Amino acid sequence: MTLPAGSTIGIIGGGQLGRMLAISAARLGYRTVVLEPQADCPAAQVANRQITAAYDDPAGLAELAASSSVVTYEFENVPVAAASALAAKIPVYPPALALEVAQDRVGEKTFLNGIGIATADFHAVDTDDQLTAALKAFDGSGILKTRRMGYDGKGQRVFRNMEAGGFAGTCEAMGNVPLILESFVPFEREISVIAARGLDGAVGAYDPAENVHRNGILHTSTLPAAIMPETAQAARTAASKILSALNYVGVIGVEFFVLADGSLLANEIAPRVHNSGHWTEAACIVSQFEQHIRAVAGLPLGSPDRHSDCVMENLIGDDVLRVPALLAEPDLMLHLYGKAEARPGRKMGHFTRIKAIPGKV
């Protein structure tokens with residue numbers, strides 16, 4: 001069923017992704033209400049209303065349900081119980097199952113392997129002894145991560161060529177939380193695919209972006225990625241398989257490692273619009289944000305085709321001081337997030353340089 005113009009879309013989370021969703025919703029004639037504990041959050045600056053409450057606050061969730069025709073979210077750590085409770089009253093997209101899968105790295109990789117999508121090898125780790133055994137299996141190297149939470153490189157520890165022993169206290173230092181040890185992958189580059197699935201089951205996937213990270217945070221996304229057409233198609237096919245398996249509605253981000261032979265290993269899924277898809281604002285007629293609103297509102301998906309090559313770059317912390325110089329450049333689109341304070345590691349905005357593809361514009 002198509003959501004009539006003038007209806008209200010609820011958004012859980014008030015960060016920059018919620019902000020860009022609210023802007024796209026307004027362009028399509030919808031109102032938005034944001035549930036976010038932080039007052040004057042980036043999304044609230046452009047949404048019609050903010051409910052200032054915790055993401056699992058029963059009164060706040062009840063108000064969100066009463067105020068909205070459909071609810072979505074801008075980050076993957078929304079409490080599953082909250083999403084499930086909302087879904088009993090009002091449509092919630094993407095489904096709570098997508099949150100449940102994405103919130104636990106072991107569950108996520110088990111799900112991906114179960115539908116025929118390869119990942120790095122992994123072991124669940126709950127004790128130092130289990131860590132010792134897992135490292136031994138991986139010849140003393142691997143990346144230890146918290147199974148839940150953690151993003152932009154947080155909650156991780158790298159082991160390289162270490163003898164499998166003497167790791168007493170490691171789990172305690174990581175917070176005594178469930179962990180996962182992932183094997184190192186000899187990848188040549190990292191890519192991601194932004195894809196969407198509508199209420200009618202239609203799927204659209206954007207071209208894969210080639211991503212470069214600095215200090216665990218996405219630095220740039222470049223289109224086109226330096227990959228073979230077969231690799232690009234394999235990434236789109238994998239994303240479509242994930243969307244179907246989850247009975248998904250909305251936009252998803254899927255990150256991959258590209259190996260020397262062009263084959264792929266899935267790294268992780270993000271059940272939301274994604275940082276590596278910000279380039280779609282500048283290089284496509286329909287951005288990932290509009291695509292997500294179209295999907296959850298029951299509208300036809302737009303074309304994911306791009307009209308330009310491009311490079312998207314995040315503005316982290318004091319990078320925001322570059323804004324005056326960036327605005328003097330031609331063929332550049334800037335988006336600032338409305339955050340008052342620039343802190344190290346904090347995403348303050350992004351910009352995309354575009355180069356038109358001959359015959360596309």
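Let's start with a pairing: strand 1 and strand 4 (residues 70-73) run in the parallel sense and are joined over four bridges. Keep in mind that this is a predicted model. Strand 1 has another parallel partner, strand 2 (residues 31-35), and that pairing goes over five bridges. Here is one bridge from each pairing.

| Residue in strand 1 | Bridge partner |
|---|---|
| Ile9 | Val70 in strand 4 |
| Gly10 | Val33 in strand 2 |

So how much of strand 1 (residues 8-12) is buried? Five of its five residues are. Thr8, Gly10 and Ile12 point one way, while Ile9 and Ile11 point the other way, and all are buried. Add helix 1 to strands 1 and 2, and you get a right-handed β-α-β unit.

Helix 1 (16-27) turns up again in the second largest pocket, where it supplies at least two residues of the lining, as do helix 9 (280-283), helix 10 (288-296) and strand 16 (332-336). Which element gives the largest share? That's helix 1, with four residues. The pocket holds about 160 Å³ of space. Its lining has 13 residues, and Ser24, Arg27, Glu281, Ser287 and Met333 lie nearest the centre. Sort the lining by class and you find six nonpolar, four polar and three charged residues.

Now for the cysteines. A disulfide is a covalent bond between the sulfur atoms of two cysteines. How many disulfides are counted here? The count is zero. Take Cys284: its sulfur can't bond because the closest cysteine sulfur, in Cys310, is 7.4 Å away, which is too far. Cys284 counts as buried, at 5% relative accessibility. Cys171 is buried too, at 5% relative accessibility.

Note on methods
Residues numbered from 1 in each chain as written. Predicted model: local features only at pLDDT ≥ 70, side-chain atom pairs only at ≥ 80, totals over all residues. Heavy atoms only, no water. 1 Å grid on protein atoms, 1.4 Å probe; cavity = no way out; pocket = protein on both sides within 12 Å on 5 of 7 lines; lining within 4 Å. Points joined across faces, edges and corners; volume = space filled by probe spheres on them. Nonpolar A, V, L, I, M, F, W, Y, C, P; charged D, E, K, R; others polar. Disulfide = S-S within 2.5 Å. Buried < 20%, exposed > 50% of the residue type's maximum accessible area, 1.4 Å probe, protein only. Pairing = 2+ DSSP bridges. Right-handed = clockwise from strand over helix to strand, strands pointing away.
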